[in-house]
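This is a short tour for a viewer session. Keep the structure open and follow the selections in order.

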Amino acid sequence: MKIIFCDHSWQEVWNQFITANCTDAGFLQSWEWGEFQVRLNRKVFRLLAQGDSGEILAVAQIIRMPLPLGKSYFYIPRGPIVKTDDSLNFLFTEIKLLARKEGAIFVRFDPVWPVETGHAPSLRAISNAIPVGQVQPKQTLILDLTKSEADLLAQMKSKTRYNIKVAQKHCVQIDEGKQYLDDFIRLTCLTSERDEFVCHHDDYYRRMLSALAPDGMMKLIVAKDGDKVIVANLVIFFGEWCVYLHGASDYDYREKMAPYLLQWETIQLAKGLNKKHYDFWGVDEKKWPGVTRFKTGFNPEQKFTEYVGAYDLPVRKVWYKIYKLLKK
């Protein structure tokens, strides 16, 4: 077994491995997401574990994230992606060596290992891993897009179907395009103030769209009342998956029920592009009751998919203790 530090010649093979072996959309480990991180002036490492016969056993896209005092840590979003558990210990040994060389205090990873599939052996292969809750959503709702549109409508709550019709009666129009980015940012600021959460800086969304939209991996899809954009969503299309990544709306137009129609037309778009799964990207009945109620309306009988969560591997133990103290 050996480790390969991948350059651009590996891009196609890298993405093929992710789509074939990831249990979710895998876009956070995609080559394109790494290029977006580079545009944010973050250093990205792509490590590939290869078996003796040349087969790929595991990959990890690592982002060096800044910390105060000139320090940093390694983050592996929704990774690593592994084909066999026996490659994990070897892979993480190399990751920790790289982290020490680059001066990182710790390695944080939140793999897509569903709780119900029992990935305890995988976690046991990574010694000294400390659970730290969630970075990416620990629970999500996933729709099966192989169903017919009639079945997808039938599985919704009656209120959700009704609200889609309300939006249609209000003549809400759906459109897409990067020309609506300023509207998305405006609505995101309104939504963050209303729901009391911290959103990314404007430049984050601009660089994200410029990095992912040209090849069709990301679309900015909006709902309009006349010429005014009242809902805007950033949606990922990768492999067989469609992911509702970011969304924002104008509360003053809530009676139009535009978010319901926007979701439904995005689901139809994903089906038209032969996607098999629609990921609502995060549900939590305690932390986000309103958002979760909205999302579950599209299939109230669907069980949530739950992942094992995020873990830290301390590399510089004294600095890690200082980091934890400062964070408290």
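Start with Arg-78, which counts as buried because its relative accessibility is 4%, under the 20% cut-off. The model is a predicted one.

Show the neighbouring strands: Arg-78 sits in the loop that links strand 4 (72-76) to strand 5 (81-82). Display its side chain and look for Pro-137, whose backbone oxygen the side chain of Arg-78 reaches at 2.6 Å. Then add the residues that Arg-78 touches, leaving aside those up to four places away in sequence; among them are Asp-24, Asp-110, Trp-281 and Tyr-307.

Next, select helix 3, residues 88-102. Its 15 residues reach 21 Å from the first C-alpha to the last, close to the 21 Å expected at 1.5 Å a residue. Colour Leu-88, Leu-91, Phe-92, Ile-95, Leu-98 and Ala-99, which are buried. They lie on the same side of helix 3 because they cover an arc of only 120° around the axis. An α-helix has 3.6 residues a turn, so residues three or four places apart point the same way. Turn to the face away from the buried side to find the exposed residues Leu-97 and Lys-101. Just after helix 3, stop at Gly-103, which has a positive phi of about 80°.

Finally, zoom out to the whole chain. How many helices and strands are in the chain? There are eleven helices and 16 strands. The C-alpha atoms fill a box of roughly 60 × 45 × 40 Å along the principal axes. Of the 328 residues, 51% are buried. The radius of gyration is 21 Å, which agrees with the value near 20 Å for a compact globule with 328 residues.

Terms used. Residues numbered from 1 in each chain as written. Predicted model: local features only at pLDDT ≥ 70, side-chain atom pairs only at ≥ 80, totals over all residues. Heavy atoms only, no water. Helix = DSSP H or I, 4+ residues; strand = E, 2+ residues; numbered from the N terminus. Buried < 20%, exposed > 50% of the residue type's maximum accessible area, 1.4 Å probe, protein only. Polar contact = N/O pair within 3.5 Å; in protein donor to acceptor, adjacent residues only side chain to side chain. Contact = heavy atoms within 4.5 Å. Expected span 1.5 Å × (residues − 1). Arc of directions from axis to C-beta. Rg over C-alpha atoms; globule rule 2.2 N^0.38 Å.
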